[in-house]
Amino acid sequence: MDRPELEAVTIVIFGASGDLAHRKIVPALHSLYATAVLHPDSRILGVSRRPQSDAEFREGLRESCARHSRCWKDGKGWEAFASMASYLQGDVDDPSCYGLLARRLEEGLPRNLLFYLAISPDQFSRVARGLEGAGLGSVGREAAKEGSWRRLLVEKPFGTDGKSAHELNRVLSSVFDEGDIFRIDHYLGKEVVQNLLYFRFANSVFEPLWNRRYIEKVEIDVLETQGIGTRGGYYDRAGAARDMLQNHLIQLLCLAAMEPPSSLDPEAIRDEKVKVLRSIPRYTTEAYHERSARGQYRGGRGAGGESLPDYLGEAKVAPASLTETFASLRLEVDNWRFAGVPFILRTGKALDRGASEIRVHFRRPPATLFAGVCSENLPTNEIVIRIQPDEGIWLNFNAKEPGSAEIERKELRFSYAKGGGESLPEAYERLLADAFAGDSTLFIRADETEEAWRVVDGLELAWLSPGAPRLIGYPAGSSPDDPLFGKAGT
Ligand SMILES: NC(=O)c1ccc[n+]([C@@H]2O[C@H](COP(=O)([O-])OP(=O)(O)OC[C@H]3O[C@@H](n4cnc5c(N)ncnc54)[C@H](OP(=O)(O)O)[C@@H]3O)[C@@H](O)[C@H]2O)c1
């Protein structure tokens, strides 16, 4: 999609004093400003309840940008960026907040409006309704005629199940047109994830092999070394399946499995992703039991040797909580291309490694020729799309060991790491830039989120039924490959 000319925008951040605003959103805006992707006449208006002056708000942002902005450069240009930011004390639960906001927006701020919901998910509908009441929605408005647009950026989690996601979609779409709603899954903003489409569809060597005939299985991992930290209040109600599997892992599955879209148009790409989701069977309860595993971390040593508490001892976790901090699920994409190929999704906290990757295992070649050198165990070829750390793509293949007849595994590796300390744009930079440009390719469409919930709702329901896999207590620092997680999902 061609980028439209840069336009000034007012970015209204609900939850401006929170963790996400300080660690991700504002540092990303700072980098976009520093790299001339944010129009210099733009404005940032922070909204949250605590009282603070503009000067105090800016001082807090300065500390956050110094720590988290990719383009900090010892604060060069900070004053100019800071002068874009101001603060509005407001409670989103109080209807008068929206009138105040509407009046502030009339005070000469850019008329293109991007509302960023960096608040608790149970406040999303209320804010949408509040914006509607203040005449700040986009439904029924002709952006071209008005000469300005209005867009809504929504953080994850999008609902807590299919029903709540559907209801949230209903409310949001009564205030903002679907094309103006940008549902974030920040994994899609990562360079290597975007590259997956280029890798698959801009090369002729991989795509002919990308099907059930050559692929034995696909593993998708999003593994973390840390525990839940201070997120107990939210996490204990969600768990690994709702927090990670429903969004990041299923999105990666869609990109790995989708058919070539008819164009790079956002709708064409999202249509193909929805087709993948619809091809995931409706499993029975017993089938979910057989194809899933779940665990909860116990105290132990983290990957770096630090001691991690038992999940049940974490702040704001119920004393007898049955919430899973590890989940694995084996899915099939039951279409012509992938019928019978397992897609194994695993995610968890407090594990022995932090790694996000898609690993495509190809079928073993007939070993007859080399049976003498490696018995039946001729290593298989793998393509690994590594999202973090060490972003890159590599291909494992077999070669002859020099000076002997043995087979050894070799690697062709493409790495994103560049010399000179130059870093890749942060996912949030890319996503914000796309939202300014009105490009929704990397955002989740309403039907995608509901279809993804359909898969996870089935799992959650099955886990509440008799015969569900037991919740395995695993010592912090365990490997996800440890047999204690059982065979399910492998
Ligand atoms: N943090 C992350 O890394 C992360 C990652 C992915 C998604 N998210 C999502 O992003 C959202 C925000 O997360 P967070 O970690 O930033 O949460 P947080 O640190 O708890 O921040 C919440 C923010 O909302 C404000 N707030 C709370 N109640 C309010 C009200 N009634 N009116 C106005 N403002 C109110 C708080 O400020 P006051 O107390 O001053 O009002 C604070 O600024 C959540 O939906 C979360 O799921 C976060």
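The chain in this predicted model has 14 helices and 17 strands, and I would like to go from the overall dimensions to two helix contacts and then to a couple of local details. Along its principal axes, the C-alpha trace spans about 80 × 50 × 45 Å. For 490 residues, a compact globule would be expected to have a radius of gyration near 23 Å, and the chain, with 24 Å, agrees with that. Buried residues account for 54% of the 490 residues, and, if we take the contacts between residues at least 6 apart in sequence, 76% of them join residues that are at least 24 apart.

Let me turn to helix packing. Two packed helices are described by the angle between their axes and the distance between the axes. Helix α1, residues 19-34, and helix α13, residues 427-437, have axes that come within 9 Å and cross at roughly 65°, which means that α1 is roughly perpendicular to α13, the range for that term being 65 to 115 degrees. The crossing of α1 past α13 is right-handed. On the α1 side, the contact is formed by Leu20, Lys24, Ile25, Ala28, Leu29, Ser31 and Leu32, and on the α13 side by Tyr428, Glu429, Leu432, Ala433 and Phe436. By class, the residues of this contact comprise nine nonpolar, one polar and two charged.

Which helix meets α1 through Gly60, Leu61, Ser64, Cys65 and His68? That is α2, and the α1 residues that these five meet are His22, Arg23, Val26, Pro27 and His30. Helix α2 covers residues 54-68, and α1 packs with α2 at an angle of about 85°, the axes lying 9 Å apart, so α1 is roughly perpendicular to α2. The residues of the contact between α1 and α2 divide into four nonpolar, five polar and one charged.

Next, helix α8, residues 191-201, is mostly covered, with eight of its 11 residues buried. The buried residues in α8 are Val192, Val193, Gln194, Asn195, Leu196, Leu197, Phe199 and Arg200, and this list includes Arg200, a charged residue by the classification used here.

Finally, I come to Gly486, which is placed in the segment after β17, the strand of residues 471-475. Is Gly486 buried, partly exposed or exposed? Its relative accessibility is 40%, and because the partly exposed class lies between 20% and 50%, Gly486 counts as partly exposed. The C-alpha atom of Gly486 is separated by 9.6 Å from that of Pro469, a residue 17 positions away along the chain.

Definitions and conventions. Residues numbered from 1 in each chain as written. Predicted model: local features only at pLDDT ≥ 70, side-chain atom pairs only at ≥ 80, totals over all residues. Heavy atoms only, no water. Axes fitted to C-alpha atoms, helices over the stretch in contact; angles between N-to-C directions. Helix = DSSP H or I, 4+ residues; strand = E, 2+ residues; numbered from the N terminus. Parallel < 35°, antiparallel > 145°, perpendicular 65-115°, else oblique. Left-handed = near helix turned anticlockwise from the far one by under 90°. Contact = heavy atoms within 4.5 Å. Rg over C-alpha atoms; globule rule 2.2 N^0.38 Å. Buried < 20%, exposed > 50% of the residue type's maximum accessible area, 1.4 Å probe, protein only.
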